[in-house]
Amino acid sequence: MMIEKHISSLLYRYQCVIVPEFGAFLTEIRSARFDEKSRTFFPPQKTISFNANIKHNDGLLANHIAQTTQTTYDKIVYDLLIEVEKWNKSLQTNKALFLENIGELTLNSENNLEFIPSNNPNYLATSFGLSSVIAKNIERIDVVAPEPKVISLPTKRRTKHHVMRYAAVFAVCAGLGSIIVDNEFNSRIEKETVSIEKKVQEKVQDEIQKATFFIDTPVSPITLTVKEKAEVKHPYHIVAGAFKSEENAQKAIQQLKTKGFSNATYLSKNKYGLYPVLYGSYTDMAKAQEVMKSIHKKVNSDAWILIQ
């Protein structure tokens, strides 16, 4: 049984995939970034981590494999336990376990698991098709301007064109004079136009004021219909466990409420035939993660976040 290919498939859709009696693979969204040393732009991605303390079977992985392989749920749970035994033997023998497209697990000197995630693939669906881009260095080239060339003009026969040069200068001056006169005339016309427009605008404003404050016939009031504010959705759920029967789910909710979780509830039956029981639901991921960390420390280290 190739468990890693099923784990890899679930990591695209879920933030937590638990391998019973072994540990949980968790994902966290990382924003796009730029590595100055390698001068590389990386797209947004899901980073993978491993938590050996989360071992409780939540049914997600087993139900997925059962539906994919058309096998019974109990048979898959049994096969998962056998596969986990093989993983543990591999770790004890080779001190390492490689899971394709997920990462590598190793045992350190203190016999604790260490996880090195794989860089590929990117499990963030919205970044599908995006790859890293290396920025090329910009080469600056100093351009030296060529030295100006000195052109010598002939000095002979200057008297023949002397009169023509004065005539050309006189024509240019006359043209400039006419342009200056035209500009002064246009400027005066523009100022007078602005003055007239200002007076007309003042007259219009005066008429508007009269129309505003001296209305003989009152206008009937306008009734506006305001829609009620849409219900705020809480898509981030902290899951305490999942049960096959609705009766057991209700019992679990009562137990959570006695422990102080007044917002405890459960979701409708999912496609795996289970009723997820929740500590509570929240509007944003940051708040849900904050509450989940508190639950991990005080109540249940197996709690995880479901986005729905």
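Visitor: Which residue in strand β2 stands opposite Val17?
Guide: Val17 stands opposite Phe25 in β2. The model is predicted: local features need pLDDT of at least 70, side-chain atom pairs count only at pLDDT 80 or more, and totals for chains, interfaces and linings use all residues. Residues are numbered from 1 along each chain as its sequence is written, and side-chain values use heavy atoms, with hydrogens and water left out.

Visitor: What makes β1 and β2 a strand pair?
Guide: Two strands pair if DSSP finds at least two bridges between them. β1 and β2 have four bridges, in the antiparallel sense. Strands here are DSSP runs of E with at least two residues, and helices are runs of H or I with at least four, numbered from the N terminus.

Visitor: Why are β1 and β5 placed at the edges of their sheet?
Guide: The open, antiparallel sheet has the order β1-β2-β5. Each of β1 and β5 has a single partner strand, so one side of each is left without a neighbour in the sheet. Neighbouring strands are turned by 20 degrees against each other on average, direction ignored. Helix α1 packs on this sheet, touching β1, β2 and β5, and its direction makes about 160 degrees with that of β1. Touching, or contact, means heavy atoms within 4.5 Å. Axes are lines fitted to C-alpha atoms, for helices over the stretch in contact, and angles run from 0 to 180 degrees between N-to-C directions.

Visitor: Why is Phe25 called buried?
Guide: Buried means under 20% relative accessible area, exposed over 50%, and partly exposed in between, with a 1.4 Å probe and protein chains only. Phe25 has a relative accessible area of 0%, so Phe25 is buried. Phe115, at 18%, is therefore buried by the cut-off as well.

Visitor: Why is the pair of Phe25 and Phe115 called edge-to-face?
Guide: Rings of Phe, Tyr and Trp (its six-membered ring) pair if their centres lie within 6.5 Å; planes under 30 degrees apart count as stacked, over 60 as edge-to-face, and the rest as tilted. The centres of Phe25 and Phe115 are 5.8 Å apart and their planes stand at 65 degrees, so the pair is edge-to-face. Phe25 lies in β2 (residues 23-30) and Phe115 in β8 (residues 113-117), so the pair ties together parts that are 90 residues apart in sequence. Ring pairs also link Phe25 and Phe115 into a cluster with Phe22, Phe50 and Trp87. The structure holds seven aromatic pairs.

Visitor: Which class does the pair of Tyr266 and Tyr275 fall into, stacked, tilted or edge-to-face?
Guide: Tyr266 and Tyr275 are edge-to-face, with 6.0 Å centre to centre and 75 degrees between the planes. Their burial classes are partly exposed for Tyr266, at 22%, and buried for Tyr275, at 12%.

Visitor: What makes β6 and β8 edge strands?
Guide: The open, antiparallel sheet runs in the order β6-β7-β8. Its edge strands, β6 (96-99) and β8, each pair on one side only. The twist averages 15 degrees from one strand to the next. β6 pairs with β7 (residues 103-107) over four bridges, and β7 pairs with β8 over five. Thr106 in β7 stands opposite Ala96 and also opposite Glu114 in β8. Helix α3 (residues 73-94) lies across the three strands at about 130 degrees to β6.

Visitor: How do you know that β7 is mostly covered?
Guide: Four of the five residues of β7 are buried.

Visitor: Where is Gln15, and what makes it buried?
Guide: Gln15 is found in the loop between α1 (3-11) and β1 (16-19). Its relative accessible area is 16%, so Gln15 is buried. Not counting residues up to four places away in sequence, Gln15 touches Phe25, Leu26, Thr27, Met285, Ile305 and Ile307.

Visitor: Which residues lie closest to the centre of the second largest pocket?
Guide: They are Leu26, Thr27, Glu28, Gln289 and Met292, among 17 lining residues. The second largest pocket holds about 360 Å³ of space. β2, β5 (45-51), α6 (285-298) and β13 (304-307) each give two or more residues to its lining. On a 1 Å grid over the protein atoms alone, a pocket is an open set of points where a 1.4 Å probe fits, with protein on both sides within 12 Å along at least five of seven lines, and lining residues have an atom within 4 Å of a point. Points are joined across faces, edges and corners, and the volume is the space filled by probe spheres set on them.
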